[in-house]
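Subject: A structure for you to explore

Hello! I am passing on a structure that I have been looking through, and I hope you enjoy exploring it. Please open it first and then read on.

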Amino acid sequence: MKNKQGITKIVIVLVVICFGIINGGRQLDNKVEDLNTIFMDGENKDGLSIHYDLTKIDDSLSYFLSLAKLYDVNTDTINSLNSLHKEYQENESIKEYSKWYDEVKDLYPIAIGEVKSENLSDQHKNMLNKYEATFNSAIHTIAYSSFNSSVREYEEETDGFLAGLLKTMTGVEGVDTFD
């Protein structure tokens, strides 16, 4: 009789531990999903997000490249931006978007300068100014996004030994910052 009670207690303890691991993993997974949602849809799920701003940059880039083509501006910078524009839709991870953004952020102002040096019509100068303003607005908004601080909070919360063990046991992956 005592043997059965001992086994029962062991089984109960193991079940409680398993449920704790499953629940902890689920909570971590939900937090990761929340962070990915913030990146894609914004903190309030209103669409105002880093992804939204990246899409604005890419849309602006598309129009800009058409203008560059119209004036036959064909530089290495323009060609690199054209390749990046084509790659944008293939990005799937935050790390890929971040890499794309870093490259565009460096090249787009240079390319704008190259096109500005052309003999543009007044209408095209205005259009170019709008593309540049859209780009500058988006990079400003991205710079002040709370996404990275939310990711860092998550990393701090899950930095300990037990949280790391739980992440390993449940297969919960981390979240990349957008740098």
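Below is what was found in it, topic by topic. Please keep in mind that this is a predicted model.

**Aromatic rings**

A good place to start is with the rings. A pair of aromatic rings is described by the distance of the centres and the angle of the planes. The count of aromatic pairs here comes to nine. One of them joins Tyr63 and Tyr131: the ring centres are 6.1 Å apart and the planes are at 15°, so this pair is stacked, as planes under 30 degrees apart are. Tyr63 belongs to helix H2 (residues 50-70) and Tyr131 to helix H5 (residues 122-143), so the pair ties together parts that are 68 residues apart in sequence. Are the two partners buried or exposed? Tyr63 has 51% relative accessibility and counts as exposed, whereas Tyr131, at 10%, counts as buried.

There is also a cluster linked by ring pairs, made up of Phe39, Tyr88, Tyr97, Trp100, Tyr101, Phe147 and Phe178. Some of these names will come back below.

**Helix H4**

Next, have a look at helix H4, which covers residues 94-116. H4 has 23 residues, and from its first C-alpha to its last it reaches 32 Å, close to the 33 Å expected at 1.5 Å a residue. Where does H4 bend? The bend is at Leu107 and amounts to about 30°, with a proline, Pro109, following within four residues.

The buried residues of H4 are Ile94, Tyr97, Ser98, Trp100, Tyr101, Val104, Tyr108, Ala111, Ile112 and Val115. Two of the residues in this helix deserve a closer look.

Tyr97 lies in H4 and, at 6% relative accessibility, counts as buried, since buried means under 20%. Leaving out residues up to four places away in sequence, Tyr97 touches Phe39, His51, Leu54, Tyr88, Asn91, Glu92 and Phe178. A polar atom of the Tyr97 side chain lies 3.3 Å from the backbone oxygen of Asn91. Tyr97 and Asp179 are 82 residues apart along the chain, yet their C-alpha atoms are separated by 9.6 Å.

Ser98 is also placed in H4, and its relative accessibility of 6% makes it count as buried. Apart from neighbours within four places in sequence, Ser98 is in contact with Phe178 and Asp179.

**Helix H6**

Which residues of helix H6 (residues 147-157) are buried? They are Phe147, Asn148, Ser150, Val151 and Tyr154. These buried residues cover an arc of only 160° around the axis, which puts them on the same side of H6. Glu156 and Glu157, on the other side of H6, are exposed. Try turning the model to view both sides.

**A serine in a loop**

Last comes Ser49, found in the loop between helix H1 (2-41) and H2. With 5% relative accessibility, Ser49 counts as buried. What does the side chain of Ser49 reach at 2.8 Å? The answer is the backbone oxygen of Met40. When residues up to four places away in sequence are not counted, Ser49 touches Ile38, Phe39, Met40, Asp41 and Gly42. Phe39 is worth finding on your screen, as a residue touched by Ser49, touched by Tyr97 and included in the ring cluster.

Happy exploring, and do write back with any questions!

Definitions and conventions. Residues are numbered from 1 along each chain as its sequence is written. This is a predicted model: local features need pLDDT of at least 70, side-chain atom pairs count only at pLDDT 80 or more; totals for chains, interfaces and linings use all residues. Side-chain values use heavy atoms; hydrogens and water are left out. Rings of Phe, Tyr and Trp (its six-membered ring) pair if their centres lie within 6.5 Å; planes under 30 degrees apart count as stacked, over 60 as edge-to-face and the rest as tilted. Helices (H or I, at least four residues) and strands (E, at least two) are DSSP runs, numbered from the N terminus. Buried means under 20% relative accessible area, exposed over 50%, partly exposed in between (1.4 Å probe, protein chains only). A polar contact is a pair of N or O atoms within 3.5 Å; within protein, one must be able to donate a hydrogen and the other to accept it, and residues adjacent in sequence count only if both atoms are side-chain atoms. Contact means heavy atoms within 4.5 Å. The expected span of a helix is 1.5 Å times one less than its number of residues. The bend at a residue is the angle between axes fitted to the seven residues ending there and the seven starting there. The arc is that of the directions from the helix axis to the C-beta atoms.
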